[in-house]
Amino acid sequence: RCVQETGINAEYMGNIQKLTNFRNFSTMAESNQAFLGYYGIKWRGEPLRILLSVAGIPWENRVTDLQTWLSQGKNELQSPFPNVPYLEHNGKVLTQTGAIAQYIVHVANRPDLLGKGEDAILVTQVRGVIADLIATFTIMVNPFVENYVELAKQALADKSQPLLKQLNTFLGDKEFLVGYFTHADIELYFCLDFINALEPSALADHQNLVRLHQRVAQVSEVAAYLSSERNIGKTYFCLLYTSDAADDLLCVDLGGRRIIKKKK
């Protein structure tokens with residue numbers, strides 16, 4: 001089974017114990033090293049972890065859990081918009097994934113990751129389609145229904161497939177989405193990784209995307225991250241939201257009741 005429904009997911013709890021940085025939330029980083037604060041799961045944090053690695057910014061995970069975040073971290077984080085994921089770097093604290101990604105690209109002086117010249121418009125457009133794809137995940141996941149997995153797979157077929165077809169056609173025989181590696185490829189890589197964990201056959205008719213998924217994983221910086229101890233592992237969070245702010249909802253169960261894991 002691809003869903004773990006026990007009260008506490010061992011891998012999730014192991015991630016917290018292994019990766020948590022026990023610095024106080026209110027203590028600012030004093031070096032050039034960045035800290036990415038998020039739960040011990042992939043979801044909203046994973047594209048940022050990969051982007052940090054590709055951009056060449058030294059970074060570490062700062063893993064928290066929902067109870068600690070709501071009781072301590074949210075109040076102590078020095079940000080007018082406290083939320084997770086957050087990035088702490090050079091005395092700054094940023095929240096919201098779009099702002100964090102833009103900051104990473106700016107600090108690393110890697111504007112190519114957002115698209116060269118007018119390609120930046122195309123990258124933004126493609127990222128919008130990817131955001132629409134992510135939005136279909138919020139429809140397909142309802143962990144409070146008994147036949148949740150079956151409903152998720154059906155929604156994947158009904159809601160996600162048209163967008164996957166568009167992206168597959170757009171990619172064609174190009175190496176990457178706009179011809180060279182950008183942040184859009186990172187975001188799509190994570191989407192494909194999630195879909196592959198839920199239902200690998202969903203990508204059977206989209207071989208261009210299958211090859212892109214493999215190609216991104218082989219990018220040297222991405223491969224180095226995936227093989228490092230900073231990699232969260234194969235834990236996928238199934239309460240999926242398009243808004244970062246939804247991660248703060250009290251109804252979010254981060255104890256591991258609904259965890260999608262890659263089939264062995």
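## Rings, charges and helix packing

Arg62 lies over the face of Phe35, 4.6 Å from the ring centre. The model is a predicted one. A second charge sits over a ring elsewhere: Lys116 lies over the face of Tyr180, at 4.5 Å from the ring centre.

Next come the rings that pair with each other. A pair of aromatic rings is described by the distance of the centres and the angle of the planes. The count comes to six aromatic pairs. Two of them are set out here.

| Pair | Centre to centre | Angle between planes | Type |
|---|---|---|---|
| Trp43 and Phe194 | 6.5 Å | 55° | tilted |
| Trp59 and Tyr225 | 5.9 Å | 40° | tilted |

Which parts does the Trp43 and Phe194 pair tie together? Trp43 lies in the loop between strand 2 (34-39) and helix 2 (46-55), while Phe194 is in helix 7 (residues 183-198). The pair therefore joins parts that are 151 residues apart in sequence. Trp43 is buried, and Phe194 is buried too. These two rings also belong to one aromatic cluster, together with Phe190.

The Trp59 and Tyr225 rings have planes at 40°, so this pair is tilted. Trp59 is in strand 3 (residues 59-64) and Tyr225 is in helix 9 (residues 220-226). The pair links distant parts of the chain, 166 residues apart. Trp59 and Tyr225 are both buried.

Now to the helices. Two packed helices are described by the angle between their axes and the distance between the axes. How do helix 2 and helix 7 pack, and at what angle? Their axes are 9 Å apart, and the angle is about 140°. Helix 2 and helix 7 are therefore oblique to each other. Their crossing is right-handed.

Which residues meet where helix 2 and helix 7 pack? Helix 2 brings Glu46, Pro47, Ile50, Leu51 and Val54. Helix 7 brings His183, Ile186, Tyr189 and Phe190. Phe190 is thus named twice: in this contact and in the aromatic cluster with Trp43 and Phe194.

Helix 4 (residues 97-107) has its own buried residues: Thr97, Ile100, Ala101, Tyr103, Ile104 and Val105. An α-helix has 3.6 residues a turn, so residues three or four places apart point the same way. What do the buried residues of helix 4 pack against? They pack against helix 2 and helix 7, and also against strand 4 (86-89) and strand 5 (92-95). Just after helix 4 comes Asn109, with a positive phi of about 55°.

Definitions and conventions: Residues numbered from 1 in each chain as written. Predicted model: local features only at pLDDT ≥ 70, side-chain atom pairs only at ≥ 80, totals over all residues. Heavy atoms only, no water. Phe/Tyr/Trp six-rings, centres within 6.5 Å; stacked < 30°, edge-to-face > 60°. Helix = DSSP H or I, 4+ residues; strand = E, 2+ residues; numbered from the N terminus. Buried < 20%, exposed > 50% of the residue type's maximum accessible area, 1.4 Å probe, protein only. Lys NZ or Arg CZ within 6 Å of the ring centre and 35° of its normal. Axes fitted to C-alpha atoms, helices over the stretch in contact; angles between N-to-C directions. Parallel < 35°, antiparallel > 145°, perpendicular 65-115°, else oblique. Left-handed = near helix turned anticlockwise from the far one by under 90°. Contact = heavy atoms within 4.5 Å.
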